[in-house]
Amino acid sequence: MDIVSIFAIVILLISIGTLMIGVAAYIAFKVRSARGPKPIVHGYDNPVDELMFLKPYVPEQQNILSLHSLNSSPMGLNKTENNIQQT
Amino acid sequence: MVAIVRFKFFWLILGMSIILTGAFIANRAILNANDFSLKLFLDNTILAVLGGYLVIFLFVLIFRYVGLLFFSLSEHFNRILTHKEYFVTTQLDQSTLPMVSIIVPAYNEGLVIESALVSLLTINYKNFEIIVVDDGSKDDTHKKILAIAAEDPNQRIRVIKKPNGGKASALNYGASAARGEFILNMDGDTKLSKDSLLNAIKHFDDPKVGAVAGNIKVLNRENTLTNLQALEYIEGLAMVRSAQGFMHMVNIVPGPFGMFRKSLLSQVGGYDYDTYAEDCDLTLKILFSGWRIVYEPTSIAYVESPAKLLDLLQQRYRWTRGMLQALIKHSKHLFNPKQSKTNFFILWYMAFETLIWPFSSIFGTIFFIYIGLQHGLVNLLFFWWLQLTILDVIAALYCILVEDEDLRLIFYVPLFRMVYCTVIDICKVFGIIEEFLGLSMTWGKLIRIGKM
């Protein structure tokens with residue numbers, strides 16, 4: 001048996017083992033996620049930030065030059081400053 | 001709509017051509033023989049078509065690696081040639097540099113937040129403020145932030161406490177409260193290199209540049225898994241971003257180091273909540289708004305990577321589904337090359353890395369295992385693995401030399417290709433399937449070890 005065949009059999013066995021480990025690890029990860037404490041639902045599922053700011057600014061002229069000239073446009077801070085508890 | 005139809009037509013013709021060619025090549029002998037059987041014909045045809053697909057995938061991979069190496073090397077030489085300009089920039093009087101607001105979202109980061117903030121206070125940049133957004137932490141994160149803030153004689157740390165709303169909302173809160181002209185978004189478990197801000201801010205001299213992506217490295221190289229991730233970060237992320245930077249096609253401004261013009265964040269509406277990869281989604285919004293994103297390899301952010309396999313899978317599962325969500329959200333650009341060829345290419349590259357690569361890689365492994373066991377062609381599996389490993393060794397060696405990394409990482413390449421990538425790809429494949437099935441998911445906060 002040549003060296004390539006020996007390597008090939010070793011890699012075959014490792015590949016089969018890795019596939020099994022990969023699937024088992026994924027199942028373990030899903031089981032752990034299911035058993036773990038339920039996180040607070042937020043963001044993607046249920047945004048809590050109804051007071052959100054940073055409303056998209058839509059320029060009148062949709063071209064890059066006009067977009068670049070907006071560098072000095074002010075941020076909409078007034079809506080939120082009162083809602084932020086700063087220390 | 002016409003473009004979509006054209007593209008579907010193209011793929012249909014390509015698929016049919018592959019199937020017909022495969023069937024013809026595989027069955028030339030059988031068709032001429034007297035003992036023709038339908039089962040043998042189908043078996044040969046299917047194997048030939050699948051094998052043909054893998055050969056095409058292999059050529060795409062080689063093209064990808066060669067292309068990335070070439071452009072990454074070009075970027076490297078470009079940096080060497082412009083080093084003089086960089087030196088002049090760093091010698092500038094710092095009082096003339098604009099104010100930067102560093103925003104640190106923190107949710108239960110009690111174990112790492114202290115060291116992260118202490119490292120921020122020592123960076124080589126004078127005009128900055130730190131806004132720590134405590135996103136409803138339940139541990140002692142808030143207490144520790146206040147303690148560090150009180151110790152800073154220059155009072156550069158501001159603390160915002162808000163109800164838990166996720167990372168995107170924390171970053172948006174921070175951006176709204178920011179006083180700086182530029183905003184640096186990072187993670188609560190991240191440490192920055194001393195000159196990271198100074199090296200990043202110079203890119204904003206160009207008015208077309210809207211964001212700067214930093215270089216992410218693994219800090220806690222404590223076991224085999226974290227060393228494998230260190231290798232992955234330099235080969236899979238740093239090299240790719242370096243090449244993308246040369247082509248002005250950076251497709252992700254990473255969460256641990258992303259610097260933006262504040263006006264740009266306002267323009268695109270900050271981070272959205274409809275994906276789990278808020279950094280990827282924001283980057284695509286910036287690109288589609290016509291701004292340019294650059295990569296700065298010397299702006300280094302050191303992060304604590306998952307040290308346990310299940311934690312790693314949790315992270316990659318979220319990344320995969322998040323990127324897929326971002327890709328689907330912006331999918332109209334996938335079929336509209338006329339609007340912007342650059343953005344069209346970027347999205348297709350993302351589709352390849354997120355969707356096609358994991359599926360093809362796992363499929364290739366299963367295919368060659370089947371061929372080896374069923375038809376005795378075990379050597380094919382060896383050559384399949386060998387060609388992937390050779391590509392990885394070349395890329396890793398180049399990255400280690402360019403990034404001035406630990407040369408010992410090269411010894412992890414065989415394990416990286418044979419085991420690590422397969423396990424991660426399995427997780428990605430399941431994540432993709434679950435995303436298309438519409439199964440629910442949660443953020444999945446990683447448990448910090450506090451090795452920073």
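This report describes a predicted model with chains A and B, from overall build to single residues.

## Chain B overall

Chain B contains 14 helices and 8 strands. Its radius of gyration is 24 Å, close to the 22 Å that the globule rule gives for 452 residues, so chain B is as compact as a globular protein of that length. Taken along the principal axes, the C-alpha atoms fill a box of roughly 90 × 45 × 45 Å.

Buried residues account for 58% of the 452 in chain B. Long-range contacts are well represented. Of the contacts between residues at least 6 apart in sequence, 82% join residues at least 24 apart.

## Surface and charge of chain B

The exposed area of chain B is about 19200 Å². Carbon and sulfur atoms supply 66% of that area. Chain B carries 42 positive and 40 negative charges. The mean positions of the two sets are 4 Å apart.

## Chain A

Chain A has 87 residues. Its secondary structure consists of 2 helices and 1 strand. Along the sequence the order is α-α-β.

In chain A, 30% of the residues are buried. The accessible surface of this chain comes to about 6000 Å². Carbon and sulfur atoms hold 62% of that surface.

## Aromatic pairs in helix α12

Over all chains, the structure holds 21 aromatic pairs. One of them joins B:F344 and B:W348. Their ring centres are 6.4 Å apart and their planes meet at 65 degrees; an angle over 60 counts as edge-to-face, so this pair is edge-to-face. Both residues sit in helix α12 of chain B, which spans residues 341-375. They are 4 residues apart, about one turn of the helix. B:F344 has a relative accessibility of 17%, so it counts as buried. B:W348 has a relative accessible area of 24%, which makes it partly exposed.

A second pair is formed by B:F352 and B:W357. Here the centres are 5.8 Å apart and the planes are at 40 degrees, a tilted arrangement. Both partners are covered. B:F352 is buried at 11% relative accessibility, and B:W357 is buried at 12%.

## The aromatic cluster

B:F352 and B:W357 also belong to one aromatic cluster in chain B. Its other members are B:Y53, B:F57, B:Y65, B:F363, B:F367, B:F368 and B:W384. B:Y65 links this cluster to the next site: B:Y65 is in contact with B:E235.

## Two buried acidic residues

B:E235 lies in helix α8 of chain B, residues 224-246. Its relative accessibility is 5%; the cut-off for buried is under 20%, so B:E235 counts as buried. Beyond its neighbours within four places in sequence, B:E235 touches B:Y65, B:V240, B:D392, B:A395, B:A396, B:C399 and B:F416. One of these contacts, B:D392, lies within the span of helix α13 (378-402). Another, B:F416, falls within α14 (413-437). B:A175 is 60 residues from B:E235 in sequence, and their C-alpha atoms are 32 Å apart.

B:D152 sits in a loop of chain B, between α5 (141-151) and β3 (157-162). It is also buried, at 5% relative accessibility. With neighbours within four places in sequence left aside, B:D152 is in contact with B:L121 and B:I157. B:D152 and B:V294 are 142 residues apart in sequence. In space their C-alpha atoms are 32 Å apart.

## Positive phi in two loops

Most residues other than glycine have a negative phi. B:N108 has a positive value, near 50 degrees. It is found in the loop between β1 (100-106) and α4 (113-121) of chain B. B:N108 is partly exposed, with a relative accessible area of 24%.

B:D404 also has a positive phi, near 55 degrees. Its place is the loop between α13 (378-402) and α14 (413-437) of chain B. The relative accessibility of B:D404 is 70%; the cut-off for exposed is over 50%, so this residue counts as exposed.

Technical notes. Residues are numbered from 1 along each chain as its sequence is written. Chains are lettered from A and ligands numbered from 1 in the order in which they are written. This is a predicted model: local features need pLDDT of at least 70, side-chain atom pairs count only at pLDDT 80 or more; totals for chains, interfaces and linings use all residues. Side-chain values use heavy atoms; hydrogens and water are left out. The radius of gyration is taken over C-alpha atoms; the globule rule is 2.2 Å times the number of residues to the power 0.38. Buried means under 20% relative accessible area, exposed over 50%, partly exposed in between (1.4 Å probe, protein chains only). Contact means heavy atoms within 4.5 Å. Accessible areas come from the Shrake-Rupley method with a 1.4 Å probe; for residues, only the protein chains shown count as cover. Lys and Arg count as positive and Asp and Glu as negative; His and the chain ends are not counted. The place of a charge is taken as NZ of Lys, CZ of Arg, CG of Asp or CD of Glu. Rings of Phe, Tyr and Trp (its six-membered ring) pair if their centres lie within 6.5 Å; planes under 30 degrees apart count as stacked, over 60 as edge-to-face and the rest as tilted.
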